Amino acid sequence: MKGVADLHSHSRYSDGTLTVADLVTLAKSRGVALLALTDHDEMAGLAEAKRCASEHGLQWVSGVEVSAETRRTPMHILGLRLDEHNPALQAALHETREKRKHRAQRMSDSLAEAGIPDTLAGALTYAPNPDLISRTHFARHLVDSGVCHSFGEVFSRFLKPGKPGYTKQEWLPMATTIQLIHGAGGRAVLAHPGRYELDQFGGVDALLREFTDAGGDGVEVVCAAHHPSEWAQFAALARRFGLLASIGSDFHSHAESRVKFGDLPRLSPNLKPIWHDWPEAECLYA
Ligand code: AMP
Ligand code: MN
Ligand code: MN
Ligand code: MN
């Protein structure tokens, strides 16, 4: 059987729970032939991932999921097939990771005010890479320490905008992010477009228009964060805006991920895939 592509996944270098080696082994065992590791604001796992992919005979795409914003609306932009040694991109991501550390302290302070002490220390026990601290690490701590029963409860009670553990954070501007990804030779893909708070835009169409006008290359059409009914909606929007289409499970962990590697449907043949001119994507057609 032909292999499938999965261009969105996380390891312990950000908020995934698997080591890079285990992630690559799992992807291979589930029939993934073209894989990208896209840790949040962090490219430190890419060299190891490339090595593991080559050992397993997997085609490899370097990646990163950049925390960005436009009109004060946070969004995630995947940089795919880029040079992870690019100094400008590395410097920008380093700055974002520093901001994450300050944000984590603010989150912890604000949770303490709400009566839940010491959550930063708790979250850090779940963060194997202390340079990359995410709301996910707080969520794991709040569930395992019995404050909440589930991730859903943590986010809806504490970590969403307007809730006690949520503090505002400025991320890289969307246009700057796209430029940085292009500067590193990569393609910029808007991740899970169905999952944003779009009050400032009046709808996802306007966000996609702005992303396209800023030079964005592609959009995640098939991903676990979307309901299957949204796949057709985003396929239509990709065609309307002339964006390339991408696919990814956004795998974080066995326990937390909604779909398994290899279980997403293939992209519709009437979309132009983000990998359309990548030689390593031959494995999807052979
Ligand atoms: P951060 O980048 O630190 O703001 O954290 C965002 C991460 O939290 C995402 O990448 C997801 O892994 C996770 N996340 C966000 N919202 C939810 C949710 N409602 N349920 C579970 N995980 C979520
Ligand atoms: Mn995440
Ligand atoms: Mn994301
Ligand atoms: Mn992700």
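# Three manganese sites and their surroundings

Author: In this predicted model, the manganese ion (ligand 3) has Glu65 (OE), His76 (ND1) and His192 (NE2) as its protein donors, at 2.1 to 2.2 Å.

Reader: How are the donors of that ion spaced along the chain?

Author: The spacing is E-x10-H-x115-H. Glu65 belongs to strand S3 (residues 59-70) and His76 to strand S4 (residues 73-80), so this pair ties together parts that are eleven residues apart in sequence.

Reader: Glu65 and His76: buried or exposed?

Author: Glu65 is buried, with a relative accessible area of 1%. His76 counts as partly exposed, because its relative accessibility is 21% and the cut-off for buried is under 20%.

Reader: Which residues coordinate the manganese ion (ligand 4)?

Author: Its donors are His8 (NE2), His10 (NE2), Glu65 (OE) and Asp250 (OD), at 2.1 to 2.2 Å. Glu65 thus appears among the donors of the manganese ion (ligand 3) and among those of the manganese ion (ligand 4).

Reader: And what is the spacing for ligand 4 in sequence?

Author: The pattern reads H-x1-H-x54-E-x184-D. His8 is found in the loop between S1 and H1, while Glu65 is in strand S3, so the two tie together parts that are 57 residues apart in sequence. His8 itself counts as buried, at 0% relative accessibility.

Reader: Let us turn to the manganese ion (ligand 2). What holds it?

Author: Asp15 (OD), His40 (NE2) and His252 (NE2) coordinate the manganese ion (ligand 2), at 2.1 to 2.2 Å. Along the chain these donors are spaced D-x24-H-x211-H. Asp15 sits in the loop between strand S1 (4-6) and H1, and His40 in the loop between S2 and H2, so this pair ties together parts that are 25 residues apart in sequence. Both Asp15 and His40 are buried.

Reader: How far apart are the ions?

Author: The manganese ion (ligand 2) is 5.6 Å from the manganese ion (ligand 3). Between the manganese ion (ligand 4) and the manganese ion (ligand 2) there are 4.6 Å.

Reader: What surrounds ligand 1?

Author: The residues around ligand 1 are Asp15, His40, Arg100, Arg103, Ser134, Arg135, Thr136, Phe151, Phe155 and His252. Among them, Asp15, His40 and His252 also coordinate the manganese ion (ligand 2).

Reader: Which side chains lie at what distance from its oxygen atoms?

Author: An N or O atom in the side chain of His40 is 2.9 Å from an oxygen atom of ligand 1. For the side chain of Arg135, the corresponding value is 2.8 Å. A polar side-chain atom of Thr136 is 3.2 Å from an oxygen atom of the ligand.

Reader: Another topic: where does Glu42 sit?

Author: Glu42 is in the loop between S2 and H2, where His40 is also located. Glu42 counts as buried, at 8% relative accessibility. Its side chain reaches the backbone nitrogen of Ala44 at 3.0 Å.

Reader: What else is Glu42 in contact with?

Author: Leaving aside neighbours within four places in sequence, Glu42 is in contact with Tyr13, Val64, Leu93, Arg97, Asn129, Asp131 and Leu132.

Reader: And helix H1, which of its residues are buried?

Author: In H1 (residues 20-29), the buried residues are Val20, Leu23, Val24, Leu26 and Ala27. Viewed down the helix axis, they fall within an arc of 160°, so they line one face of the helix.

Reader: What does that face pack against, and what follows the helix?

Author: The buried residues of H1 pack against strand S2 (32-37) and helix H2 (46-56). After H1 comes Gly31, which has a positive phi, near 90°.

Reader: Lastly, how many residues are in the largest nonpolar core?

Author: That core has 74 residues, and those with the most contacts inside it are Leu7, Ile77, Leu80, Val221 and Trp275. Apart from it lies another core, of 15 residues, including Leu120, Ala123, Phe138 and Leu142.

Reader: Which residues does Trp275 touch?

Author: With neighbours within four places in sequence left aside, Trp275 is in contact with Ala5, Leu7, Leu34, Ile247, Leu267, Ala281, Leu284 and Tyr285.

Technical notes
Residues numbered from 1 in each chain as written. Chains lettered and ligands numbered in written order. Predicted model: local features only at pLDDT ≥ 70, side-chain atom pairs only at ≥ 80, totals over all residues. Heavy atoms only, no water. Buried < 20%, exposed > 50% of the residue type's maximum accessible area, 1.4 Å probe, protein only. Helix = DSSP H or I, 4+ residues; strand = E, 2+ residues; numbered from the N terminus. Arc of directions from axis to C-beta. Contact = heavy atoms within 4.5 Å. Core = buried A, V, L, I, M, F, W, Y, C linked by side-chain atoms within 4.5 Å. Donors = N, O, S within 2.8 Å, 3.2 Å for Na, K, Ca; no water. Near = heavy atom within 4 Å. Polar contact = N/O pair within 3.5 Å; in protein donor to acceptor, adjacent residues only side chain to side chain.
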